Every structure is written in C-alpha cells, then in structure tokens.
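This briefing goes through one protein chain by topic. Please keep the sequence and the model at hand while reading.

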Amino acid sequence: MKHPLRLLAFVCIMLTLMACADDRRGGTAEPLHHPANAIYHWKTVYNPTPYEKDFLKKHQVKRLYLKFFDVGVDNLYDGKGEQPVPVATTIFRDSIKHIGDVEVVPVVFITIPALKCAPTLYSLAEHIIDRVDDMCWANHIAYREVQLDCDWTRETKPLFFELCHEVRFLLHERQKGLSATIRLHQLRDTLPDIDYGVLMLYNTESLVNPDVSNSILSSDVVSEYMRHVEADKHLDFAFPAYQWILWFKDRKFQGILRPGQDTNVEGCLRYEASLYREIIAAKRAIRPCLKDIGYPSSNIIYHLDSANLSRFTDHEISEIYRP
C-alpha cells in the first residue's frame, strides 16, 4: 500500500464524521449545560420589576428559563382540520439586555392535543425551532438550548418522545442542546431523548382533593417517589415559590383564587404556600437520585415573581440554591 498514512487519516476523519452524525441523531453529544443558580419566568408578559431584577443580581442567578409560547390546537378552516399553533406567546415589554449576563433558555409548553394532531412530529419540531429563532432574533436573545414542557403520560409518551428526538436532532445540528421538564410520576418511566431533565418538585399532590393539606409540595411524597426510581439522565431540580387559595364547595373543587382576589365565596377555602422547610426536606430526599456525570445539579426556583419571592429571606433563598 503506497500511502498508509493518508489512508489512516481518511479513516479517522470518516469515523469522526460518523460519530458526529450519531450525536446529532440522539447519541452521546456533551450536554451544552453547566451548573448555575436558575429561575423560571412563567408570565405572558416579560417586564420584570426592580425587585425581580435586583433578585437576579443579589442571588447570582445565571440562567433564566423563560416560557416563550404554548403549542395548542386551532381549526384553520382551510380544509386541513385541527393543526398545532402557537398560543399564549410571551410579550416582551422590557429588554433582556437589562439583566446582564444571565443565560436565557426558551421554554415551550406542548399540549397533548397538539401532539396528537400534528401532521408529522418532524414538521412540528421544525416549526417550534423556527418560532424560537424568530422570537430570539426579534428580542436580541442568544440561546444555547431549548426546553420542552409537556404533561405526557404512558399513552402519549411515544408522541412526545419522538418530538424530543426530532427537536434534539435539529438543535444538535446547530450545536445547541435540549432539555425537558420531568414530573415525579414521569420519573418512574424512561426519560425522553434529551441532554438533561429538570425534575419539577411542585404540585406533588392533587389540588382537587379536599383532604390534601398542601398540594404544592410535600417532602414525604417526594421521598416516597425517590425510593423507587433512579434517573437514567442528569437532572436539575425546580422548587416552588408561589402560593394560592383553593376553593371547594360541598367537597368539590371549584377553582384557584390568587392572593388579593375576592375570597367572599360560598364554601371552603384552603390556603397553600410553598414552605421553606418542605423545600429543604425535598432537597435531602432527592440526593440518591442524582446521576454523576461530572458536574453538580442546578437548583431552580419557580418562578420570578416579587409577591412570592419576597416571602423568603435572603438566607433561605441562598440555602435553596446551595448545591
């Protein structure tokens, strides 16, 4: 053989290209992710108050999971029937530049009807990424990953998992990553084709059950789940920082009242709030579930709202963020 070194170099290049292709198809690409204090923004208008901006600086928050839009369903009246469409799109009243070097992660909530009526999940993935790109361009946002949020069950798991696979493929082509929210009940199943997950440690019990004392967060429920699961991917953890009032009449759930709303209603009211002691107890319960991939898990607060965050002291927030 006249040129063994050239042949060897060619083989090495081909193997490298094949490995890269495998990574883009859901292989073992390095997660485009690093540990950081993080928080969710789950309002339809982005216009943080001075308190909220100061919160980000004071607590060295370096990642903001910002819900961009939901994917719902609409009838387009053009013979196509129901189609997935973006709804509840966030309106930017303030510039992202005002929060400094905080990384923004676009979050997209996927409804189950949208999954079921999509012509193809690859086309849905393309539309989602295109809309994220358009919103980021319009609002001068540079992003390194996208997060998908979905209340999938075992019945709808194949649809959401295929969507994750297609979105991750498109993002890996651009050297970007994909994460997804994970509910406690979903943790008992395999996880979708993502770079990492965020375990949502809130709404741990049924809010419509009149016998539950606090549906927002129960460390006992979290501990019980953690005894029976071991995550197959890296997880970060989101803890609640909100409150609400649940209205029951004749032991039947009537609705959610926000603090400040008129509570002069007939029936029974149950005030619930995320409690610091429950958050810390839940943190202890999840330690056995951590998957060691070379970097620690991030703690995330849900969500950026001065009325709720102000219930916690600076020390308590620091302890929630402590690894």
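H140 lies in the loop that runs between α4 and β7 (145-150). The model is predicted, and its protein chain has nine helices and 14 strands. Of the 323 residues in the protein chain, 49% are buried. Among contacts with a separation of 6 or more, 75% join residues 24 or more positions apart.

**Backbone exceptions**

- H140 has a positive phi near 55 degrees and is a residue other than glycine.
- H140 counts as exposed because its relative accessible area is 59%, and the cut-off for exposed is over 50%.
- Q60 is not a glycine either, yet its phi is positive at about 50 degrees.
- Q60 sits in the loop between α2 (50-58) and β3 (61-75).
- With 57% relative accessibility, Q60 is likewise classed as exposed.
- A cis peptide bond joins Y302 to H303, with omega near 5 degrees.
- H303 belongs to the loop between β14 (299-302) and α8.

**Helix α4**

- Helix α4 covers residues 121-138, which is 18 residues.
- From its first C-alpha to its last, α4 reaches 26 Å, close to the 26 Å expected at 1.5 Å a residue.
- Buried positions in α4 are L121, S123, L124, A125, I128, I129, V132, M135 and C136.
- The positive phi of H140, about 55 degrees, comes just after α4.

**Nonpolar core, F68 and I110**

- The largest nonpolar core holds 90 residues, and the members that touch the most others are I39, F68, L148 and L163.
- Beyond its neighbours within four places in sequence, F68 contacts A88, T89, T90, F92, V104, P106, V107, V132, M135, C136 and I141.
- V132, M135 and C136, which are among the contacts of F68, are also among the buried residues of α4.
- I110 is part of strand β6 (residues 103-110).
- I110 is classed as buried because its relative accessible area is 1%, and the cut-off for buried is under 20%.
- I110 and V71 are 39 residues apart along the chain, but 5.0 Å separates their C-alpha atoms.
- V71 is one of the contacts of I110 outside four places in sequence; the others are L115, I128, L148, D149, C150 and L163.
- Two of these partners, L148 and L163, are also named among the core members that touch the most others.

**Helix α7**

- In α7 (residues 276-286), the buried residues are E278, I279, I280, A282, K283, A285 and I286.
- Both E278 and K283 appear in that buried set.
- These buried residues pack against α6 (219-226), β10 (235-240), β14 and α9 (314-321).

**Largest pocket**

- The largest pocket encloses about 730 Å³ of space.
- Its lining has 25 residues, and those closest to the centre are N203, Y242, W244, R258 and Y302.
- Y302, in this central group, is also the residue before the cis peptide bond to H303.
- β11 (243-249) and α8 (306-309) each give at least two residues to the lining of the largest pocket.
- By type, the lining consists of 13 nonpolar, seven polar and five charged residues.

Key. Residues numbered from 1 in each chain as written. Predicted model: local features only at pLDDT ≥ 70, side-chain atom pairs only at ≥ 80, totals over all residues. Heavy atoms only, no water. 1 Å grid on protein atoms, 1.4 Å probe; cavity = no way out; pocket = protein on both sides within 12 Å on 5 of 7 lines; lining within 4 Å. Points joined across faces, edges and corners; volume = space filled by probe spheres on them. Helix = DSSP H or I, 4+ residues; strand = E, 2+ residues; numbered from the N terminus. Nonpolar A, V, L, I, M, F, W, Y, C, P; charged D, E, K, R; others polar. Expected span 1.5 Å × (residues − 1). Buried < 20%, exposed > 50% of the residue type's maximum accessible area, 1.4 Å probe, protein only. Core = buried A, V, L, I, M, F, W, Y, C linked by side-chain atoms within 4.5 Å. Contact = heavy atoms within 4.5 Å.
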